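Work through the exercises below with the sequence and the model side by side. Try each task before reading its solution.

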2 protein chains.
Amino acid sequence: MERVSIKTIAEQLGISVTAVSLVLNGKERGETSGRVGKEMAEKIRQAAREMNYEPNNLARGLKMGRSETIGLVIADISNLFFANLAFHIQEHAEKFGYGVIITNTNESDLKMEKMTKILERRQVDGFIIVPTEYGEPYVRNLTRRNIPVVLIDRYYPKLNVSAVVIDNYKASREITNNLVESGCRHIGLIIYKSALHHMKERKNGYVDELKDHGLFNPSLIKEVSYSYLSEDIDIAIESLLMKDETIDGIFFATNTLSLMGLKRMLHADPQALSKIKVASFDKSDAFDFMHVTIPYIQQPIPEMGKSAVELLMKQIKTDDKEAVTIKLQAQLEYNKV
Amino acid sequence: MERVSIKTIAEQLGISVTAVSLVLNGKERGETSGRVGKEMAEKIRQAAREMNYEPNNLARGLKMGRSETIGLVIADISNLFFANLAFHIQEHAEKFGYGVIITNTNESDLKMEKMTKILERRQVDGFIIVPTEYGEPYVRNLTRRNIPVVLIDRYYPKLNVSAVVIDNYKASREITNNLVESGCRHIGLIIYKSALHHMKERKNGYVDELKDHGLFNPSLIKEVSYSYLSEDIDIAIESLLMKDETIDGIFFATNTLSLMGLKRMLHADPQALSKIKVASFDKSDAFDFMHVTIPYIQQPIPEMGKSAVELLMKQIKTDDKEAVTIKLQAQLEYNKV
DNA sequence: CTGAAAGCGCTTACAG
DNA sequence: CTGAAAGCGCTTACAG
């Protein structure tokens, strides 16, 4: 059971590898390149089938200078939001005959540098990256060398790179407004302490919306750090619940934050949700089990994945390296009570 | 900004590519192959650094016949269990300098065939596969050609292939017994209708344990189909809750089933959990928000990923293709109430 | 200690 | 209509 290559087939049939390659790539009728007779073409195809020929994509990639592989750099594949994103990126890449190598950064810029380097060695044709805090230089390093890159979910505003994001500021205002409309007057925010632009936008949306209503109170903003998440959330919830009896709403800036925050809230006070209305960015499975309405921002994950792949493909297939930022619409939705 | 190859460096330094390759691979002191002088070696390393040389893994893979890539074939990356598994497989593969290409089958055997083929063309050195129902021929097709394969989470009992699984039968008995011990007498089972061995084991564990207690009632087993999941679960819950007033326990055979089943249960009757005790395979985030104790089987996901990678590496690096089945211990755990 | 050369499996410009 | 040959970027047996 030897490895069967194009050469094996050629020898078997007593013809040239050229003919075999041409036919198997459907180029036997090409203009510039040679043509192969109809019956010979059929013979080749049959032989390939019989011998279970499978092309070697490594060799093809080496010759063509294209690996037909996308490097996906995300924060953490075990986070449901990113897992969903990865799923859709993959499904869509497949339609272009592209494979996806997934790597995790765990929100570390050092790992981001490492992962982009590893993927580059593997000759990926382009990158889809969920950029981390302080990871800007590594993205710039890629684009400077004209390597196709599309950022997703987040982006660096000062960097001229294609990106697929949602309007975080607008979504944040919208959901904050929703809390206000439903009667909340003292709305806390639990958000990551981060230099990332989308976090700032979420914060600004909340701040501006509350200011417009004359309800802004900076002491109700609790910033937690990714590295000490569990501890910080405990403290944040504690301080919002205990120290401020008037609190009647909490906006969680991500699904992880809402999941952990809700646990802590309900642990501290099982009746907390009857006094405090909760809203969140992204959905969590747990929402469907709360007995109160929870508005959340539903990001259009399938479209985000699709757009990112398409933007990247355009960069790969053409020389059009112009940076395009696609802002998709997020929806305000509610859990089923 | 031209692509810098080993040749570029060689020309720059006026030496042979042999020397450059040897040094950059740390083989300048090799026994059989040539040796390179110390100062020349240093010069080469420095040039590589200065020129930002990155090796081309495609070329290396083609020459070596190894791509240092693992093909991961799972059912669905957006399922939390598999996402976690993928995460740990990746983290561990990285330690061996291996990358992971992830593909989804969505539980379809046809996609399994397609994905293994695609990954083979990409010259992956081995496969880690969560096998689907009726996917046996495609796994056999790989092993027959001596391609390294490790099955994970599930396996085909008749196929002699390495696998990393847990003792589903035992875990199922254990958790069923737990329900019995806590007083349940009429325990329903909601499980996938599937020919997959691990599902049968979960079912058998439940059946045998109940028989031992004289509590077995076949009409309490509800098998749902993957393709009509939502509808089937509705029907199953309906029939367990409505038609059988005596039911006092339900064992869900996977986390997806328990998540959807719980939603349906609580929708039908918000007080359902005070009358019916629930147990599950695998944890769901929602459990922490239930106000009752839910025992669940915690699979050792990090160890599963680690073992699978190690088994595969052994197959790849040695000629030892002997099939090894690793059965890991699952833990019975509880949500925090 | 060092280099010329073959070859991994492909694609394709070039020459018949 | 068809084939011989070069070359993608590596590694390594072989010969000096």
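**Exercise 1: a sheet and its helices**

Task: find which strands of chain B helix α8 (residues 168-181) lies across.

Solution. Helix α8 of chain B lies across β6 (187-192), β8, β9, β10 (295-298) and β12 of chain B, and runs at about 170° to β9(B). Helices (H or I, at least four residues) and strands (E, at least two) are DSSP runs numbered from the N terminus, and angles run from 0 to 180 degrees between N-to-C directions of lines fitted to C-alpha atoms, for helices over the stretch in contact. Next, helix α9 (residues 197-212) of chain B packs on the sheet, where this helix touches β6, β7, β8 and β9 of chain B; contact means heavy atoms within 4.5 Å. The model is a predicted one, in which local features need pLDDT of at least 70 and side-chain atom pairs count only at pLDDT 80 or more, while totals for chains, interfaces and linings use all residues. Residues are numbered from 1 along each chain as its sequence is written, chains are lettered from A and ligands numbered from 1 in the order in which they are written, and side-chain values use heavy atoms, with hydrogens and water left out.

**Exercise 2: strand order**

Task: give the order of the six strands in the open sheet of chain B, and explain why one side of β7 and of β12 is left without a neighbour.

Solution. The order is β7-β6-β8-β9-β10-β12, with mixed pairing; two strands pair if DSSP finds at least two bridges between them. Because β7 (221-224) and β12 (331-334) of chain B stand at the edges, each has a single partner strand, and one side of each has no neighbour in the sheet. Within the sheet, β8 (residues 249-252) and β9 (residues 277-281) of chain B run parallel and are joined by four bridges, and B:Phe251 has B:Ala279 in β9(B) as its bridge partner.

**Exercise 3: where the chains meet**

Task: state how many residues each chain brings to the contact, and how much area is buried.

Solution. Chain A gives 49 residues and chain B gives 49 residues. Together they bury about 4,500 Å², 57% of it on carbon and sulfur atoms, where buried area is the accessible area (1.4 Å probe) that two parts lose on being put together, summed over both. In chain A, the residues that lose the most area to chain B are A:Leu58, A:Arg122 and A:Phe289, together 17% of what that side buries. There are 10 salt bridges between the chains, each a side-chain nitrogen of Lys or Arg within 4 Å of a carboxyl oxygen of Asp or Glu. B:Glu54 forms a salt bridge with A:Arg121, with the closest N and O atoms 2.6 Å apart.
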